[in-house]
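Got your viewer open? Let's take a short walk, one selection at a time.

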Amino acid sequence: MTETTSSGPATAEVWITGIGLATSLGEGLDAHWDALNQRRINVDEKGFAPYVVHPLAPVNFDTQIPKKGDQRQMEAWQRIGTYAAGLALESAGIKGDKEILARMDMIVAAGGGERDLAVDSNILNSEAKGNSAPGFLNERLMNDLRPTLFLAQLSNLLAGNIAIVHGVTGSSRTFMGEEAAGVDAARIALARIAAGQSDIALIGGSQNGERKDLLVLYEFGDFNLTGKFVPVWARGEKSGFALGSGGAFLVIESRAHAEARGAKPYARLTNVVADMTRRKQPGEIAATLERLWPKVGKLGNDCAIITGATGAEPATSEERTFLSKHPDFAVRASGTTFGHTMETQFPLGLALAALSIERGALFPPNDPAGVEVEMSRPPTQIVVIGTGHWRGEGMALVEAIK
Amino acid sequence: MTATRDKFGRPIVVVTGMGVVTSLGSGKADNWKKLTAGESGIRTITRFPTDGLKTTMAGTVDFIPVEPFSSTDLSERLGEVVAEEAIAQAGIGTRGDFPGPLFLAVAPVEVEWPQRQELGRAIGTSSEVDYDAMLRVSGGGRFAQYHRRFLFGSVADHLAEKFGTKGSPISLSTACASGASAIQLGVEAIRRGEADATLCVATDGSVNPEALVRFSLLSALSTHNDPPQAAVRPFSKNRDGFVMAEGAGALVLESYEAATARGAQILGILAGCGELADSFHRTRSSPDGKPIIGCVRNALSDAGIVSDQIDYINAHGTGTPENDKMEYLGISTVFGERATQIPVSSNKSMVGHTLSAAGAVEAVFSLLTLEHQRIPPTINYDIPDPAIPFDVVPNKARDARVTAVMSNSFGFGGQNASLVLTREPV
């Protein structure tokens with residue numbers, strides 16, 4: 001397939017001016033930077049045993065979602081996302097700026113479908129006991145489902161809640177499709193700004209990884225990491241991912257728009273490229289990454305890679321093959337520290353890249369397998385890679401603004 | 001030589017292929033015939049028992065069988081049928097090799113009750129059924145096909161493979177505005193010069209017990225079960241909700257330049273798209289109507305026209321008390337006195353609300369309106385609502401001169417999207 005690229009004829013420069021993170025490591029940029037430098041990993045091997053998850057660090061939702069009524073209308077994934085979106089707006093200095101928020105575009109990468117486990121279990125138990133009269137399921141659902149649960153399940157209601165709580169209303173688009181949704185949210189938002197179709201956008205996603213219904217979906221494909229936590233590059237035979245909870249949002253805007261309002265950039269979002277190979281033959285993923293690599297931009301000596309490699313096979317081994325052909329680039333796998341946040345992993349990678357560039361250092365390796373090495377120079381470029389556990393390949397180039 | 005760019009210097013975006021399936025039938029010819037005859041596709045549900053449900057009818061598509069049934073499988077199948085029709089009409093690319101990206105509007109995908117019940121049976125009666133027990137039986141490859149099926153990206157993945165679209169396919173949801181959003185994304189890609197052609201598909205096969213219950217619990221559905229054909233009553237005083245329906249719509253969009261260069265027949269122009277989100281409430285529109293008004297104005301200004309140039313409005317017109325009232329407020333604010341003169345009809349009175357697909361299904365019907373110079377009616381319009389003095393084209397189709405159509409879509413989560421479609425470049 002031909003890759004889709006965001007580089008159209010028009011070329012407004014696009015800056016990352018806001019970052020919001022709420023993850024298993026904590027909330028906010030300083031907390032994340034400290035934890036990354038301390039190589040801290042927050043992992044729970046017991047709560048969902050034998051499945052390993054990275055639980056959300058305690059956050060005070062009230063600070064970004066002041067109305068309890070709003071919080072009650074959301075399930076965890078929406079609360080996490082709405083919270084992280086608020087942090088991103090704050091970081092960009094536009095929280096509560098009605099003029100900008102009213103024309104700000106939004107592309108959210110979302111899953112959804114959070115279930116009421118007790119309702120499902122009760123119905124299945126009754127059916128196992130022989131309650132299979134016509135209409136039994138209807139009757140139980142009519143009586144037991146909370147009317148507002150539907151709104152917490154709908155994919156586009158993360159964006160809806162961000163509009164309600166934070167007032168972002170220029171446009172509201174929700175992309176679905178696991179990891180690729182996160183890549184495409186960034187790709188389309190960037191393309192629109194670069195082409196002058198938009199001035200400023202909020203992009204990102206969130207996941208509640210502490211969900212048995214979500215574990216079931218990935219267990220169907222034997223993708224869940226079980227037993228003891230192992231870093232992504234060291235999983236070997238024991239392939240799979242540990243679901244992570246977290247939200248990652250970014251504010252991106254044209255340079256002209258940022259300068260006009262005196263905003264301070266973290267970094268430039270230079271390019272996002274994506275493809276979806278069929279993955280029918282071994283080597284197709286590595287070949288696709290190899291094809292995307294020269295398209296993402298011209299790379300210099302002070303460039304690093306932050307990948308959302310999942311630990312799922314064969315994707316991660318193929319990505320490793322690709323990386324081994326580019327040994328001059330220091331690599332970090334966000335999945336080791338944050339787990340796999342699915343739709344959110346690519347926006348998370350963009351956030352970590354922008355943060356590293358702003359702080360003038362790549363955070364230290366966290367990898368006993370030796371794929372990750374120290375980088376002593378400040379990175380001026382970081383390529384973010386998103387290889388889906390099942391489908392989708394994407395790359396972005398985040399650069400320092402000289 | 002005709003200009004290939006619009007007044008803003010952007011490539012003009014044209015439609016060269018269309019496909020549609022609704023509860024009325026499969027394909028443009030069958031749908032148009034029944035739509036302009038004022039027929040209803042709403043029927044009593046036979047797919048599953050309806051005991052205990054307040055609403056027992058829907059616009060199901062039962063004539064395209066999917067075995068075993070899941071809403072996601074039906075959505076995919078309907079998407080295939082309409083994409084096939086649209087690509088064949090456009091005569092673009094070669095079989096399995098569409099020369100552009102896919103933008104797909106699709107309902108959020110989730111594991112459904114038949115699969116959950118299968119897990120329950122796999123657990124057996126020896127232990128309590130809960131999610132821990134379900135997890136114990138889920139792995140080992142026995143249910144691997146359900147991972148593939150119930151990924152959110154699965155429908156787009158399969159359609160991209162079948163039709164050979166290029167690049168990373170996008171699955172999107174803007175609730176009941178999704179179909180219009182898919183078209184908007186396609187228009188934007190062509191205007192950016194990223195693609196000469198895009199395949200925009202919107203599909204929904206959501207009539208299953210839990211989906212029905214969910215809308216029912218939000219009091220959104222009509223309960224006029226008998227006769228089902230009379231259930232959807234947009235703009236009527238006795239309207240009492242929407243009716244869930246299945247369907248799909250597809251458009252092949254191309255730049256005017258690329259379409260004319262290959263000698264393609266141009267079916268219409270996608271002149272403008274507008275959107276604006278509402279921050280008032282999760283399921284209700286802002287009482288002042290400002291987001292809808294802004295959305296309609298954005299579509300007009302994106303097309304570079306004024307409201308006087310619109311000859312027909314293809315309404316969102318769900319038949320819920322709230323939607324129709326707010327749509328009147330929005331339209332009357334923008335169109336002023338003309339709001340009571342311009343024809344405004346609701347296809348949903350006949351096909352029901354195809355949810356994620358509605359924006360694209362209604363875009364196809366808007367283009368057919370332009371082609372045939374005939375406006376489909378709003379049926380079941382017996383008791384006018386004096387608070388909504390639209391000319392709803394009551395009960396009978398009408399021949400009219402139509403050069404520009406506005407098609408509106410509004411959805412839960414504050415989603416608003418409007419399209420402007422024309423016969424000729426504006």
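In what order do the three strands of the open sheet in chain A stand? Keep in mind that you are looking at a predicted model. The order is β4-β5-β9 (chain A), and the pairing in this sheet is mixed.

Now select residues 44-48 and then 243-244 of chain A: these are β4 and β9, the edge strands. Each of them has a single partner strand, so one side of each is left without a neighbour in the sheet.

Next, add residues 51-54 of chain A, which make up strand β5. β4(A) and β5 of chain A run antiparallel as a pair, joined over two bridges. To see where they meet, click on A:D44 and look across to A:V53, its bridge partner in β5(A).

Moving on, select residues 157-166 of chain A. Is this helix, α8, buried or exposed? Ten of its ten residues are buried, so α8 of chain A is largely enclosed by the rest of the structure. Try colouring some of those buried residues, including A:L157, A:N161, A:I164 and A:H166. Then step just past the helix to A:G167, where phi is positive, near 80°.

Last stop: chain B. Colour 13-110 + 150-414 as domain 1, and 114-148 as domain 2. The C-alpha centres of these two domains of chain B lie 37 Å apart. Where they touch, five residues of domain 1 of chain B are in contact with four residues of domain 2 of chain B. The domain 1 side of that contact in chain B has three nonpolar residues, two polar ones and no charged ones.

How values were computed. Residues are numbered from 1 along each chain as its sequence is written. Chains are lettered from A and ligands numbered from 1 in the order in which they are written. This is a predicted model: local features need pLDDT of at least 70, side-chain atom pairs count only at pLDDT 80 or more; totals for chains, interfaces and linings use all residues. Domain bounds come from an automatic or database domain assignment. Two residues are in contact if their C-beta atoms, placed from the backbone, lie within 7 Å. Ala, Val, Leu, Ile, Met, Phe, Trp, Tyr, Cys and Pro count as nonpolar, Asp, Glu, Lys and Arg as charged, and the others, Gly among them, as polar. Two strands pair if DSSP finds at least two bridges between them. Helices (H or I, at least four residues) and strands (E, at least two) are DSSP runs, numbered from the N terminus. A residue is buried if 20 or more other C-beta atoms lie within 10 Å of its own, exposed if 12 or fewer, and partly exposed in between; C-beta atoms are placed from the backbone.
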